[in-house]
Amino acid sequence: MLEILRKCFAVTAVLAALSASWAEAVDRSKFRTCSQGSFCRRYKAWIARPEREKALWSVLPETRSALPEGGFSYKVKHVNEAEPHLLLKVSMYASGMVRLRLNEIDALHKRHEIPDGDVITQPPPASAQVTPSEQAGKTVFEFVSTAGAKVQASLSHSPLGLEVSVDGTLVQRLNARNLLNFERYRKPKAVLPPDAASAGQSEPSKVLLDAAAHPHELDTNGLWEEPFGGHTDHKPRGPASLGMDVSFEGDVPSLFGLAEHATKASLPFYEEPYRFFNLDVFEYEIDEPMALYGAIPLIWAIHRIPGGKSLTSGFLWINPSETFVKLDRDAAGVNKGPAHAWWTSESGVMDVVVFAGPRPNQVSGQFHDLTGTAPMPGLWALGKHQCRWNYMSQKDVATVDASYDKYDIPYDTVWLDIEHTDGKAYFSWNSAAFPDPKKMVDSISAKRRHFVNVVDPHIKKDDKFHVYREVRDQGLFVKKVTYKQIDDPTDAKPADWVEDEKIPDTSVSQPDEWNAEEDGPWTPPKIDNPAYKGQWKPRQINDPTPELSDFEGWCWPGTSGYPDFTDPKMRDYWGSQFALDKYKGTNADTYIWNDMNEPSVFNGPEVTMPRDAVHPHGMVEHRDVHNMYGYYVHRATFEGLQQRVPGDRPFVLTRSFSLAPTNILRFGQGTIMPSGHT
């Protein structure tokens, strides 16, 4: 017995040592924290401001207007601005949801909004039948959900806020702690965004406006450009972040959700906020709020109510830019009473949904009513998959397949990683190692087994590679911006600007002995002009029409291009490459694995694409869509397989994932073990 215990302790020690070595392997210096990102750092300072109780943004109830799709819109005005510059949309869905959207009115630049159908199902969920009731300082919306729950949403006018109750029990309050922030776009290097009131401000730095403009030791680092890890993020549109708090009311013992983080199901309340920024994090740590491969910013809350019963509600934050979420309690270390969360995103619009529940299955049903339901996979996909890095040849595959048969072990699928390709050019085969891929694939199919091939989104830069050449020639790669400074045409010289460095000395008069005929006209001596302000030079700004070239980064093939998968044209082209007459060596039993689609860029900031890269479809900065890049790759692949064999049930595994219609979503995560297996 002692010998057995001794061996158990030895094994435990080895596993502990291995765990420690893995945990220490992540290079934290590559990845930002909240305090290293300017917008999150600004938000933390903003919510700690002295006048936090002051109402800043207020709903104007007299501006209420019915929306064509159901729900209502209101204009929202800031107390220190002359005009309302934000538009609030409030929607109620019959299954038991309340949705708030906040966006700019007539913004200097169009803020990115996720296209219809890319997260929310199209058409959207059925609207609830609601008649608003105006009460003192608030508008109340009431409806009965399809499951019979009585839902009440109370919109506070000043400050803007929302309370949601279910069957008479308050479950969530939005902006209850008055942490709302919405940074409107500014003109280049301007302190305040355009407004009639700000135009006359003699001291704009003293205006309490938002997290990017207030008088309380404002941190201006990173407003217009931001360095990190040897890279500089240029921000020609300036600050554009937004944030808000939500409180889960009642006795809330636990919160769940916030995938993907390597932490417990019952979410710990860390000092560092949870981060959503899809990344290729090698050997990540556990029990950490660090960002990983995917982003589902959804929280489930359990609310205990009198009588030993409980309710469940959910809160969804729909924004694909970098996002941080901080969980709080009224008292640290106490897992009871209300739970709080604040959310802040780098850019885009505010779009949040409260799922009223009140049971867990109803919260789940509401989420899927909003985003769609998943299709049934092929039955084979539920069986054993044989996957490792890496089967190097057709002979390897045949040996593995024969060994399963020899030992009478059932399996359904064999996977091929990057080494099966011709120099990491996807949609191709290494002809030396796989001389007859069609024969290999058909022999596996003959046993009712399947292949899954890896196809990554980085495209090898090689003029001989048809995919690279065709994507380039159609202008479908993400673009790099080459910035240059020009004079700001709107920056006019002030009327009182004095450029004369010297002026006549008025204290000196013409000498009596001066003879104009002999000495010429007398001019007084010049002295320094005390009003001299220097030679006028307009403010320098980034050229609004900068030079664009294909963005190139390093990944498995070496120098690679990255397609703009936000463009439906690019997704159509990508999907067409899976056709059996184009993807040679495959058959209808070959399915796909999209890896490295965060996207992974080995020489990029945080091992990903620079935020200031531009997607030519809509000229959208990558910062606005980062967390959805993997989804768009996945979608293009899924739709391509649908078109390849109509009526088939496509199988696509993706490493990176985000909020998206779940009718295509399947994701997986590989854990690298010392043996090299996944």
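User: Which side chain does aspartate 251 meet in a salt bridge?

Analyst: Happy to start there, with a reminder that this is a predicted model. The partner of aspartate 251 is arginine 304, and the N to O distance is 4.0 Å. A salt bridge is called when such a nitrogen lies within 4 Å of a carboxyl oxygen. The two residues come from distant parts of the chain: aspartate 251 is in the loop between β13 (242-248) and β14 (255-259), arginine 304 is in strand β16 (residues 294-305), and 53 residues separate them.

User: Is aspartate 251 buried or partly exposed?

Analyst: Buried means under 20% relative accessible area and exposed means over 50%. Aspartate 251 has 25% relative accessibility, so it counts as partly exposed. Arginine 304, at 46%, is partly exposed too.

User: How many salt bridges does the structure hold?

Analyst: There are 47. A good one to look at joins glutamate 346 to arginine 623, with the closest N and O atoms 2.8 Å apart. Glutamate 346 sits in the loop between β19 (339-345) and β20 (350-355), while arginine 623 belongs to helix α10 (residues 622-625), so this pair ties together parts that are 277 residues apart in sequence. Glutamate 346 is buried, at 7% relative accessibility, and arginine 623 is buried at 5%.

User: What about the salt bridge between aspartate 473 and arginine 472?

Analyst: Those side chains meet at 3.0 Å, N to O. Aspartate 473 is exposed, at 55% relative accessibility, whereas arginine 472 is partly exposed at 28%. Elsewhere, salt bridges that share partners build one network; its members include Arg32, Glu226, Asp233, Glu346 and Arg623.

User: How should I read a pair of aromatic rings?

Analyst: Describe such a pair by the distance of the centres and the angle of the planes. This structure holds 27 aromatic pairs. In one of them, phenylalanine 39 and phenylalanine 324 have ring centres 5.9 Å apart and planes at 50°, so the pair is tilted. Phenylalanine 39 lies in helix α2 (residues 38-46) and phenylalanine 324 in strand β18 (residues 323-329), 285 residues apart. Both rings belong to buried residues: phenylalanine 39 has 2% relative accessibility, and phenylalanine 324 has 0%.

User: Which residues do ring pairs link into a cluster?

Analyst: The cluster consists of Phe427, Phe565, Trp574, Phe578, Tyr583 and Tyr629. Rings can also have a charge over the face: arginine 49 lies over tryptophan 46, at 3.9 Å from the ring centre, and arginine 111 lies over tyrosine 185, at 5.1 Å.

User: Trp574 brings me to helix α9. Which residues of α9 are buried?

Analyst: In α9 (residues 568-576), the buried residues are Met570, Arg571, Tyr573, Trp574 and Gly575. To see what covers them, look at β24, α7 (466-473) and α11 (629-644), which are among the covering elements. At the N-terminal end of α9, aspartate 567 acts as a cap: one of its side-chain oxygens is 2.9 Å from the backbone nitrogen of lysine 569.

User: And β24, in what order do the strands of its sheet run?

Analyst: The order is β24-β32-β31, in an open sheet of three strands with antiparallel pairing. β24 (459-460) and β31 (552-555) are the edge strands, each pairing on one side only. Between β31 and β32 (residues 558-561) there are four bridges. To follow the register, find glycine 553, which stands opposite serine 560 in β32.

Note on methods:
Residues numbered from 1 in each chain as written. Predicted model: local features only at pLDDT ≥ 70, side-chain atom pairs only at ≥ 80, totals over all residues. Heavy atoms only, no water. Pairing = 2+ DSSP bridges. Buried < 20%, exposed > 50% of the residue type's maximum accessible area, 1.4 Å probe, protein only. Contact = heavy atoms within 4.5 Å. Polar contact = N/O pair within 3.5 Å; in protein donor to acceptor, adjacent residues only side chain to side chain. Phe/Tyr/Trp six-rings, centres within 6.5 Å; stacked < 30°, edge-to-face > 60°. Lys NZ or Arg CZ within 6 Å of the ring centre and 35° of its normal.
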